[in-house]
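User: I'd like a close look at one helix in this model and at how its surroundings fit together. Could you walk me through that part, and then through whatever it leads to?

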Amino acid sequence: MKVLGIVSEARDLNQFASFIKCIPATQSISKHIKGYSFGELKEAKLVSLGRMEVLGIVSEARELSQAHTAPVMDHSPPFLATYKSLFDGQQAIDTDTEVVECCDLPLIDLSRLNDVLEAAQCKQDIVTAASEWGFFQIVSHGIPDGLLARLREEQVQMFRQPFKQKTSEKLLDFDDDSYRWGTPTATSLKHLSWSEAYHIPLSSSNKPATSSTIRCVIEELSLAMTQLANQLVDTLAEGLGRDGTYMKENCTRNMCYLRLNRYPPCPIPAQVFGLVPHTDSDFLTILCQDEVIGLQLKKGGRWFTVRPNPNTLVINIGDLFQAWSNGLYKSVEHRVMSNPHLERFSVAYFMCPSNETVIESSAQPGTYRKFSFGEYRQQVQQDVRRMGHKVGLTRFLA
């Protein structure tokens, strides 16, 4: 550490030890640090811009710093002013000591499904990842990189609109309440999310559309995401000895949601989450994220920091799939950590059914009782109002 000159930059020895655990044994520490982006190193609190000059990667540091450090404008929500009563006199959330190590999610190349010699093993890899991790990442997914890049460009521009304009005007030809920020129901810091989002019901695509670029991109992406989701549920249903007809018939495109997320830089990252710990109340989520560290998941009772790979899509199992699979596939608790320096962007596609759709375990005796999606959503909302957080599937045990 003295040779690298980063002792003063580390928050403490525990954090540095956690960072070292992420480095493969076959690589030297200095070589691995040079391979990291400026965003990752700043997130780990290991090197400053000055230290990166010594390491010989100053050009990358400056470029990425400028690219991801949000300009000072009036577009970010007034978190501190709005939630002042929560910040006054409350202690920091305990997160640093919980995170044990970084992890790379299981990586699956979907092109193997088209290879007669590889298809069976690829399907088994998907089932195993859904059963053991509840999360995995995919490549060769069929969604063009150019489409994802166009959406990211439009997404950034959309969030750059002045905050007052975002809250008072209908920027997209979607529902009026699509724009959301913070956590209106929060009664303590552990329930507050330092983020803003456009939560877009794809049923809005049936309405007369404007010719806006963002609207066109969203519709094109939602069609591609729906096709990908159907492909994945076919494989996962097959792993249960069933087919994906039930989900494809009940989770049509106009029942699903697309969520555009922005996590602004947070001046007090030790006190608030970017997104509070939760599980997803759907069948399946498809996530496209940038290279800024933030996503964490819980596995075996421990929190892991997911090393981001912007060249993949992240898939995670939702509560409804866990119930339908009778607990075989895992809906895993996850969260997003706030960042003092960098903003983070992501896009999530949520595969949801209609409120009338009944969820029933695929095997008997069932771990969970039969329930409708509308009943489940109502219970989640009720728990959040009363307790400040979601309880989830434990409310529906048989």
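Analyst: Happy to. Let's begin with helix α8, residues 119–132: its 14 residues reach 20 Å from the first C-alpha to the last, close to the 20 Å expected at 1.5 Å a residue. Please keep in mind throughout that this is a predicted model.

Which residues of α8 are buried? They are A119, C122, I126, V127, A129, A130 and S131. A general point helps in reading such a list: an α-helix has 3.6 residues a turn, so residues three or four places apart point the same way. The cover over the buried residues of α8 includes strands β2 (107–109) and β3, helix α11 and strand β11 (313–317). Just after α8 comes G134, with a positive phi of about 75 degrees.

Following the chain onward, we reach the loop between β3 (135–139) and α9, where S140 is found. The phi of S140 is near 55 degrees, a positive value in a residue other than glycine. Most residues other than glycine have a negative phi, and most peptide bonds are trans. Is S140 buried or exposed? It falls in between: with a relative accessible area of 44%, S140 is partly exposed, because that class covers values from 20% to 50%.

The next helix, α9, covers residues 145–159. Its 15 residues should span 21 Å at 1.5 Å a residue, and its end C-alpha atoms are 21 Å apart, so the two figures agree. The buried residues of α9 are L147, L148, L151, R152, E154, Q155, M158 and F159.

Several of these α9 residues meet L260. Leaving aside residues up to four places away in sequence, L260 touches L151, Q155, M158 and F159, and its other contacts are E196, A197, Y198, I200, I218, S346 and V347. L260 also belongs to the largest nonpolar core, which has 88 residues. L260 is one of the residues with the most contacts inside that core, along with I143, L221, L284, F321, Y349 and M351. Helix α11 (residues 213–238) gives the largest share of this core, 12 residues. That brings us back to where we started, as α11 is among the elements covering the buried residues of α8.

Another α9 residue, R152, leads to D290. Not counting residues up to four places away in sequence, D290 touches R152, P308, P310, E343, R344 and F345. D290 sits in the loop between β8 (284–289) and β9 (295–299). Its relative accessibility is 4%, so D290 counts as buried, the cut-off being under 20%. D290 and S346 are 56 residues apart in sequence, yet their C-alpha atoms are 6.4 Å apart in space.

R344, one of the contacts of D290, also helps to line a cavity. How many cavities of 30 Å³ or more does a search of the whole structure find? It finds two. The largest has a volume of about 40 Å³, and its lining is made up of Y263, P264, V292, I293, M337, S338, N339, L342 and R344. By class, that lining has six nonpolar, two polar and one charged residues.

The second largest cavity holds about 30 Å³ of space. S195, E196, A197, R259, N261, Y263 and L275 line it, and β5 (196–201) and β6 (257–263) are the elements that give two or more residues to this lining. The largest share, three residues, comes from β6. By class, the lining of the second largest cavity has three nonpolar, two polar and two charged residues.

Two more backbone details are worth a look. N326, in the loop between α13 (319–324) and β12 (334–337), has a positive phi of about 60 degrees although it is not a glycine. At 19% relative accessibility, N326 counts as buried. Further along, a cis peptide bond joins Q364 and P365, with omega about 0 degrees. P365 lies in the loop between β14 (358–359) and β15 (371–372).

Finally, here is the wider setting. The chain has 14 helices and 15 strands, and 52% of its 398 residues count as buried. Among contacts between residues at least 6 apart in sequence, 77% join residues at least 24 apart. The pair D290 and S346, 56 residues apart in sequence, gives you one place to see sequence separation alongside distance in space.

Definitions and conventions
Residues are numbered from 1 along each chain as its sequence is written. This is a predicted model: local features need pLDDT of at least 70, side-chain atom pairs count only at pLDDT 80 or more; totals for chains, interfaces and linings use all residues. Side-chain values use heavy atoms; hydrogens and water are left out. Helices (H or I, at least four residues) and strands (E, at least two) are DSSP runs, numbered from the N terminus. The expected span of a helix is 1.5 Å times one less than its number of residues. Buried means under 20% relative accessible area, exposed over 50%, partly exposed in between (1.4 Å probe, protein chains only). On a 1 Å grid over the protein atoms alone, a cavity is a set of points where a 1.4 Å probe fits but cannot get out, and a pocket is an open set with protein on both sides within 12 Å along at least five of seven lines; lining residues have an atom within 4 Å of a point. Grid points are joined across faces, edges and corners, and a volume is the space filled by probe spheres set on the points. Ala, Val, Leu, Ile, Met, Phe, Trp, Tyr, Cys and Pro count as nonpolar, Asp, Glu, Lys and Arg as charged, and the others, Gly among them, as polar. A nonpolar core is a set of buried Ala, Val, Leu, Ile, Met, Phe, Trp, Tyr and Cys residues joined through side-chain atoms within 4.5 Å. Contact means heavy atoms within 4.5 Å.
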